[in-house]
Structure formats: structure tokens, C-alpha cells
Amino acid sequence: MKKVTEASVVEYDETGGPEVLHLVRRPLAEPGPGEVTVEVMTMGLNHIDGFVRSGAEKEWDDPFPRGSGSCFAGTVIAVGPGTTGFRVGSDVVGHLRSGAQASHVTVSVDRLVTKPKGVTFETAGGLYLAGTTALDILDELKVGAGDTVVISAAAGGVGSVEAQIAMHRGARVIGTCGARNFDYLRQLGVKPVQYGDGIVERIKALAPDGVTAFIDNFGQDGHELAEALGVPASRFRSSADRRDREVALLSDDPEAVAHGTDQLRKVVELAEKRAVTVLVSGFYPLADVAEAYDDLLKLHSRGKVVLATHPVNPRRIRKAREVMESGR
């Protein structure tokens, strides 16, 4: 195998929208002890990436130029001296604080888990932040059998994973969404409820015995809805709580890294069992990263928007939701 000494890396030199992102060539560090080099296949996009890039995430003070993205999946192509656990040719799922959107990354093995053969790269690349955030929140709320959980924005990346894991644990899930996402949520086993006036009554009609937990990914009227439904404050999580959880999962603190990797391993196991499936509604070549984030910003995507370094068809293709919405 030819030694790889450079990588194509997504960077930005100033805060701003997707337009500040660009692809550059950078030297690729050789793996040291406890490290491997991964040829990246797919990378998931997350809304917090945009908050960091725009400057809205005030706690993020990393120097410029900054890398972009935290979630990736790929194949190990080099192993550092004395490194164990992964060999050349191993398929892996991993996470970084930032800089995952690249053709290759050199990364510590404590940030990696093995990708099972039954989990596609398209799915694996978007599992880390959405999956671990969902799992953390469900663990905090102790969601399980006997619960009836309302999840807002249930068709999104985090919401759809929360819904599936909650149902896997035996909970009943009601998901709030726009009418266009009803069929998708029904396919997952979620009871859909449309946003807007009368939403409390619509939820109560589906949950005559009451709602026991509420997870707000929408970020508008979650507190009011939870109170109206009689959900205890201890069993409510807001979009701000989700943001705090995501920031914690992107920390370089060793304990945070270990926790994130442990949770990622559990999410990957759930994906292998098909207890969690991820709908990829936008699939872009790495060079089209700005367009991919512009797509994400429109807040219409179901599941995940994913970048790929080796797409089978690099030409522009229509996204699944566009085909569905056109009626064709």
C-alpha cells in the first residue's frame, strides 16, 4: 500500500456560514504510539457544527484555521508503534472534537470502535454525535418500558435515534413533526403529531394514560407543552440541554472521550441489531461540503446529511425527500 502523506481537509479561516468552508491539502501526521491513520469514507453533519462555525457557540475558542465535523467512519491504513486493538484493514467508526471532515485522519484509538460488517459506511459516518447525544439523554431520563415519551423534531437526526432507542427499551413514542414526515415516523413505529394549535389535545388523544417524559429538539415551546401535559421537570429535556450534552461529547477531556467512545460502541451495537436505522436524506461528495451544510440549514432533512470521499456516483443527484415531495 502506497504511503499517504497528505490529506484533503475541510477548513475555515473565519466565522460565517457554509460559504467560508473550503477544501485544502494538509500534511498527514504519521500515527504514533496508540494511534492509527484512517482513510475516511463517510462523515455525518450536525447542527452544532454550524453553530461553532458561525460563532454562535461562544465556548468554542479554537484557533483558526479550524477543521470541521466530529463524526466519521473509515478504514485503518496505518498503525502506530506498539498500537493494539486495530490492524490495517479494520473498518472503524470514530469521533473527533473537530476535523473529521477529511480524506484521512490520524487519531488515537481511544476514539474508535469497530464497524460491524452489517452496518453500512453511509449509516456509520453519522452515528457518533446524534447517537451518543440521544443515548445520553435517554439514560438521564431513565426511559424504559412503561414510559410514554413525546419527542419533538422526531424525524431529525437526534430525534429519530432517540425515538428508536426508546422504543427498543419498551417505551411508547409520540413524535411531533410536520405533516410531510408522518409516513417516515410511522415506518419507525412512532405515533406522529403535527405541530401547531391544538397540539396538546392531539397528544393527549394518543396518550390517554398520560405522558411520562418529554424531549424537546425543536427549541420553541417545549417547556410549555411539557407542563401542559403534566410531565415532571425531572423528566423533561430541552434543546438547550441537548446543546450542553453535545458540547460535552465534543470535549477533549479524557473522561469525556472515554464516555463518548463507550456510548458510541453501544449505539453501533444497536445499529448492528437494526434497533437503530439512520435515513440518509442527503449524500454529498466531500468537495461539496458547503452545499451539504446549506442543505442541513434548511431544517428539512430527515435523519442525516452525510459527506463521502468515494461516492459511487459523484454527479449531482436528487435527494430522497425531493423525489418524495415531487410526487414522482
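This section describes the strand pairing, core packing and selected local geometry of a predicted model.

Two open sheets are considered here. One has five strands in the order β11-β10-β9-β12-β13, and its pairing is parallel. The edge positions are taken by β11 and by β13 (residues 236–237); each has a single partner strand, so one side of each is left without a neighbour in the sheet. At one end of this order, β10 (residues 172–177) and β11 (residues 191–194) run parallel and are joined by four bridges. Within this pair, threonine 176 has valine 193 of β11 as its bridge partner. The connection from β10 to β11 passes through helix α5 (residues 182–188), and the resulting β-α-β crossover is right-handed. At the other end, β12 (residues 213–215) pairs with β13 in the parallel sense over two bridges, and isoleucine 215 stands opposite arginine 237 of β13. Helix α6 (residues 199–206) lies across β9 (residues 148–152), β10 and β11, and runs at about 160° to β11.

The other sheet is also open and has three strands, ordered β2-β1-β4, with antiparallel pairing. Here β2 (residues 22–27) and β4 (residues 66–67) are the edge strands; each has a single partner strand, so one side of each lacks a neighbour in the sheet. Strand β1 (residues 6–12) runs antiparallel to β4, to which two bridges join it. Tyrosine 12 has arginine 66 as its bridge partner in β4.

Arginine 25 belongs to strand β2. Its relative accessible area is 47%, below the limit of 50% above which a residue counts as exposed, so arginine 25 is classed as partly exposed. The side chain of arginine 25 makes a polar contact of 2.7 Å with the side chain of serine 8. Beyond its neighbours within four places in sequence, arginine 25 is in contact with Glu6, Ala7, Ser8 and Ser103. The C-alpha atom of arginine 25 is separated by 47 Å from that of alanine 171, which is 146 residues apart from it along the chain.

The largest nonpolar core has 81 residues, of which Val38 and Phe72 touch the most other members. Helix α3 (residues 128–141) gives the most to this core, with eight residues. Another core, of 14 residues, lies apart from it and includes Val193, Val200, Phe214 and Leu225.

Helix α3 also holds aspartate 136. The relative accessible area of aspartate 136 is 5%, under the limit of 20%, so this residue is buried. The side chains of aspartate 136 and histidine 259 are joined by a polar contact of 2.9 Å. With neighbours within four places in sequence left aside, the contacts of aspartate 136 are Arg245, Leu249, His259 and Gln263.

In helix α1 (residues 47–54), the buried residues are Ile48, Asp49, Gly50, Val52 and Arg53. These residues pack against strands β1, β3 (residues 35–44) and β4, and against helices α3, α8 (residues 239–249) and α10 (residues 289–297). Just after α1, glycine 55 takes a positive phi of about 95°.

Serine 90 lies in the loop between β5 (residues 71–79) and β6 (residues 91–95). Serine 90 is buried, with a relative accessible area of 15%. Its side chain reaches the backbone oxygen of arginine 87 at 2.8 Å. Apart from neighbours within four places in sequence, serine 90 is in contact with Gly74, Thr75 and Val76.

Several backbone values fall outside the usual pattern: most residues other than glycine have a negative phi, and most peptide bonds are trans. The peptide bond from phenylalanine 64 to proline 65 is cis, with omega near -5°; proline 65 is placed in the loop between α1 and β4. Alanine 153 has a positive phi of about 50° although it is not a glycine. This alanine 153 is found in the loop between β9 and α4 (residues 157–168) and is partly exposed, at a relative accessible area of 21%. Arginine 274, also a residue other than glycine, has a positive phi near 65°. Arginine 274 lies in the loop between α9 (residues 254–272) and β14 (residues 280–285) and is exposed, with a relative accessible area of 59%.

Key
Residues numbered from 1 in each chain as written. Predicted model: local features only at pLDDT ≥ 70, side-chain atom pairs only at ≥ 80, totals over all residues. Heavy atoms only, no water. Pairing = 2+ DSSP bridges. Right-handed = clockwise from strand over helix to strand, strands pointing away. Core = buried A, V, L, I, M, F, W, Y, C linked by side-chain atoms within 4.5 Å. Buried < 20%, exposed > 50% of the residue type's maximum accessible area, 1.4 Å probe, protein only. Polar contact = N/O pair within 3.5 Å; in protein donor to acceptor, adjacent residues only side chain to side chain. Contact = heavy atoms within 4.5 Å. Axes fitted to C-alpha atoms, helices over the stretch in contact; angles between N-to-C directions.
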